[in-house]
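Trainee: Before we go to the bench, could you take me through this chain step by step?
Mentor: Gladly; let us look at the display together and take the questions one at a time.

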Amino acid sequence: MIDEKDTHPADKDGKYEFEIHYSGRELTCKVEKEQNKLIVCIDNNINAELEIQDDNCLIQTGGNELPDSAIDYIRKRVLG
């Protein structure tokens, strides 16, 4: 039996890398998207897990606390 979570479209799954303005600096942000989960690594020392909601909003489910502006920027870069 297939888990219901696995039936959501996996559009844009994969790895992303871009610059993000964080704590007054431009840092490298790497994001790995798999289904409705985003694994975020900023400057190789800030890690976070985000979950995509049905309305395309992101909520943080783990890791270092990210400011709302950073989460919104990541959403725009990965989800469009």
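**Salt bridges and the sheet**

Mentor: Keep in mind that this model is predicted. Asp72 and Arg75 are separated by about one helical turn, because they are three residues apart in helix α1.

Trainee: How far apart are the closest N and O atoms of Asp72 and Arg75?

Mentor: Asp72 counts as partly exposed at 31% relative accessibility, and Arg75 is likewise partly exposed, with a relative accessible area of 22%. The two form a salt bridge, for which the limit is a side-chain nitrogen of Lys or Arg within 4 Å of a carboxyl oxygen of Asp or Glu. In this pair the distance between the closest N and O atoms is 3.1 Å.

Trainee: Which residues are joined with Asp72 into one network of salt bridges?

Mentor: Asp72 also forms a salt bridge with Lys76, where the closest N and O atoms are 3.3 Å apart. Both residues lie in helix α1, four residues apart, which is about one turn of the helix, and Lys76 counts as partly exposed at 46% relative accessibility. Since salt bridges that share partners are joined, the residues in one network with Asp72 are Arg75 and Lys76.

Trainee: Which residue forms a salt bridge with Glu51?

Mentor: Glu51 is in strand β4, and its partner, 14 residues apart from it, is in strand β3, so that the pair links distant parts of the chain. Glu51 counts as partly exposed at 21% relative accessibility, and the partner is partly exposed as well, with a relative accessible area of 38%. The closest N and O atoms are 3.0 Å apart, and the partner is Lys37.

Trainee: How many salt bridges does a search of the whole structure find?

Mentor: As a general point, side chains of opposite charge can pair when their charged atoms come close. We have discussed the pair of Glu51 with Lys37 and the pairs of Asp72 with Arg75 and with Lys76. The search of the whole structure gives a total of four.

Trainee: Which residue in β5 stands opposite Glu51?

Mentor: Strand β4, residues 46-52, pairs with strand β5, residues 58-63, in the antiparallel sense over five bridges. The two strands form a hairpin with five residues between them, and Asn56 in the turn has a positive phi of about 70°. Within this pairing Ala48 stands opposite Gly63, while the residue opposite Glu51 is Ile59.

Trainee: Which are the edge strands of the open sheet?

Mentor: Five strands form this sheet in the order β1-β2-β3-β4-β5, and the pairing is antiparallel. An edge strand pairs on one side only, and the two that do so are β1 (14-22) and β5.

Trainee: What angle does the direction of helix α1 make with that of β1?

Mentor: From the N terminus on, the elements run β-β-β-β-β-α, so the helix comes after the strands in the chain. Helix α1, residues 68-79, packs on the sheet and touches β1, β2 (25-34), β3 (37-42), β4 and β5. Its direction makes an angle with that of β1 of about 145°.

Trainee: What share of the 80 residues in the chain is buried?

Mentor: A residue counts as buried when its relative accessible area is under 20%, a limit that Glu51, at 21%, does not meet, and so it counts as partly exposed. Over the chain, the accessible surface comes to about 5500 Å², of which 45% belongs to carbon and sulfur atoms. The buried share of the 80 residues is 29%.

Note on methods
Residues numbered from 1 in each chain as written. Heavy atoms only, no water. Pairing = 2+ DSSP bridges. Contact = heavy atoms within 4.5 Å. Axes fitted to C-alpha atoms, helices over the stretch in contact; angles between N-to-C directions. Buried < 20%, exposed > 50% of the residue type's maximum accessible area, 1.4 Å probe, protein only. Areas by Shrake-Rupley, 256 points an atom, 1.4 Å probe, with all protein chains shown as cover.
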